[in-house]
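Visitor: Hi, I'm new to this one. Could you show it to me and walk me through a few spots?

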Amino acid sequence: MRLSRAEAQERNRARVLDAARAEFVERGFRDAKVDMIAQRAELTRGAVYSNFPGKRALYFAVLADLAERATPPSNPQRGADRRAALGALARAWVTSLSHDALARDFLPEVAAEEVTRRPFTQLMKLDAVLLSLALEALDPVVPPPGSPPARVVRLAEIVLATLHGASGLAAAAPGFLEPFDVISACEQLADLELNDWWAAPPGAVVLPEDRPWAPPVVVDLVRGEEVTPDENGVVVVLGLNRLAAVEEAVRTTGGRVTLAMVTGTPGELAPLARLVLARLCVGLRQAFPVGAWPRLRVVCDETGALAGAAGVPSVSDETETAIRVEGGRVVARAEGSGAGHAVSSGARVRT
């Protein structure tokens, strides 16, 4: 049967990914050649570049594909409290270290240029927010009367630094680190007390809107499933250099928040975003009870379809826009710094 153009393109993309994975395993990222990847895939060099803009983009895509397809245990041992959940998360993380030889060039490639360093920093901040929300759901943080809202984002950052450090050492110095020590260290971090709080930013101007809300079907990276974000709530469209701003919406509203991650260079940075989110969220789903999974929904909006539905037809890595949805209609929007907080707080709409 003759394949459609879209089907043929998808088949070729899969062949390129398979070939690239074999090439990276055999030669490492540095010595891998696009010509050899094309030869392995039985395609032309041009066919490889029609699917991926460069070798680094292809490398990120291979790692993202592996992370997203990781097979979870059939009966995950989820933690009922903060200590047990962090131990379970670390256990899920270190069991994947045997596959990290393929990722040994990941951090050097990220660090090589500002175009990857900045979004990676923001992606890590997003990971910290997600882990913090899960930890807070298990053990809510109650600040003293009159104090600003408390959180555990700084604790989450230390846990993530520990886990990523373990991955880096597993690749650079095999056999140096005892995996069970990493698990024990993360369990001990559960009792670490830090003076961590969140302050609301200055609000952006909220403008009225009244139009139908018809979002596309998207994949929620937190839960790893397709959803249609058509319920009441807030949709925040953020470029990859602005991701930390999603906390402004999450901390302000009591309803559903959907984050649409967008970028001006989706061919390379979208796989990077998918990879960073998958490495954490696959572990979160194994380590935390379902009721503690973050209510924040995260979408890698590579095509800009969700952003377009939100009225943001042109995106960049600096995009920051938020809308509020009620009764199947967009009723308010804000743009620029503080947009998520302004729309989520129900601030008075400027007429």
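**Tyrosine 49 and its surroundings**

Guide: Happy to! Leaving out residues up to four places away in sequence, tyrosine 49 touches Val34 and Gly54. Please keep in mind that this is a predicted model.

Visitor: Thanks. Where is tyrosine 49 placed?

Guide: Tyrosine 49 sits in helix H3.

Visitor: And how far is tyrosine 49 from valine 16 in space?

Guide: From C-alpha to C-alpha, tyrosine 49 and valine 16 are 9.8 Å apart, while in sequence they are 33 residues apart.

Visitor: Is tyrosine 49 buried, exposed or partly exposed?

Guide: Tyrosine 49 counts as partly exposed because its relative accessibility is 34%, and that class runs between 20% and 50%.

Visitor: What about asparagine 51, where does that one go?

Guide: Asparagine 51 belongs to helix H3, which covers residues 45–51. Its relative accessibility is 14%, so asparagine 51 counts as buried, the cut-off for buried being under 20%.

Visitor: Which residues is asparagine 51 in contact with?

Guide: Setting aside neighbours within four places in sequence, asparagine 51 is in contact with Gln9, Asn12 and Arg13.

Visitor: Let's step back along the chain. Where does glutamate 42 lie?

Guide: Glutamate 42 is in the loop between helix H2 (34–41) and H3. With 67% relative accessibility, glutamate 42 counts as exposed. Its phi is positive, about 60°, although glutamate 42 is not a glycine.

Visitor: New topic: pockets. What volume does the second largest pocket have?

Guide: The volume of the second largest pocket is about 510 Å³. Its lining has 21 residues, and those closest to the centre are Arg13, Glu68, Val219, Arg274 and Glu302.

Visitor: Arg13 rings a bell.

Guide: Yes, Arg13 is also one of the residues in contact with asparagine 51.

Visitor: Which elements give two or more residues to that lining?

Guide: For the second largest pocket, they are helix H1 (5–31), helix H4 (55–68), strand S2 (218–220) and strand S6 (297–300). H1 provides the largest share of the lining, 5 residues.

Visitor: And how do the lining residues divide into nonpolar, polar and charged?

Guide: The lining of the second largest pocket has 10 nonpolar, 1 polar and 10 charged residues.

Visitor: Okay, helices next. At what angle do H7 and H8 pack?

Guide: Helix H7 (residues 114–138) and helix H8 (residues 153–172) pack at about 115°, and their axes are 8 Å apart. The crossing of H7 and H8 is right-handed.

Visitor: Which residues meet there, between H7 and H8?

Guide: H7 brings Met124, Asp127, Ala128, Leu131, Ser132 and Leu135, and on the H8 side they meet Val153, Leu155, Ala156, Glu157, Val159, Leu160 and His164. By class, this contact of H7 with H8 has 9 nonpolar, 2 polar and 2 charged residues.

Visitor: Nice. What can you tell me about glutamate 225? Which strand is it in?

Guide: Glutamate 225 is in strand S3, residues 225–227. Apart from residues up to four places away in sequence, glutamate 225 touches Val218, Val219 and Asp220. Val219 came up earlier, among the residues closest to the centre of the second largest pocket.

Visitor: Is glutamate 225 buried, exposed or partly exposed?

Guide: Glutamate 225 is partly exposed, since its relative accessible area is 39%. The C-alpha atoms of glutamate 225 and arginine 104 are separated by 29 Å, and the two residues are 121 apart along the chain.

Visitor: Any loops left to see? Where is glycine 264, say?

Guide: Glycine 264 lies in the loop between strand S5 (256–262) and helix H11 (266–287). At 47% relative accessibility, glycine 264 counts as partly exposed. Not counting residues up to four places away in sequence, glycine 264 touches Val315, Ser316 and Asp317.

Visitor: One last stop: where is alanine 200 found?

Guide: Alanine 200 is in the loop between helix H9 (179–189) and strand S1 (207–212). Its relative accessible area is 48%, so alanine 200 is partly exposed. Alanine 200 and alanine 342 have C-alpha atoms 9.7 Å apart, with their positions 142 residues apart along the chain.

How values were computed: Residues numbered from 1 in each chain as written. Predicted model: local features only at pLDDT ≥ 70, side-chain atom pairs only at ≥ 80, totals over all residues. Heavy atoms only, no water. Helix = DSSP H or I, 4+ residues; strand = E, 2+ residues; numbered from the N terminus. Buried < 20%, exposed > 50% of the residue type's maximum accessible area, 1.4 Å probe, protein only. Contact = heavy atoms within 4.5 Å. Axes fitted to C-alpha atoms, helices over the stretch in contact; angles between N-to-C directions. Left-handed = near helix turned anticlockwise from the far one by under 90°. Nonpolar A, V, L, I, M, F, W, Y, C, P; charged D, E, K, R; others polar. 1 Å grid on protein atoms, 1.4 Å probe; cavity = no way out; pocket = protein on both sides within 12 Å on 5 of 7 lines; lining within 4 Å. Points joined across faces, edges and corners; volume = space filled by probe spheres on them.
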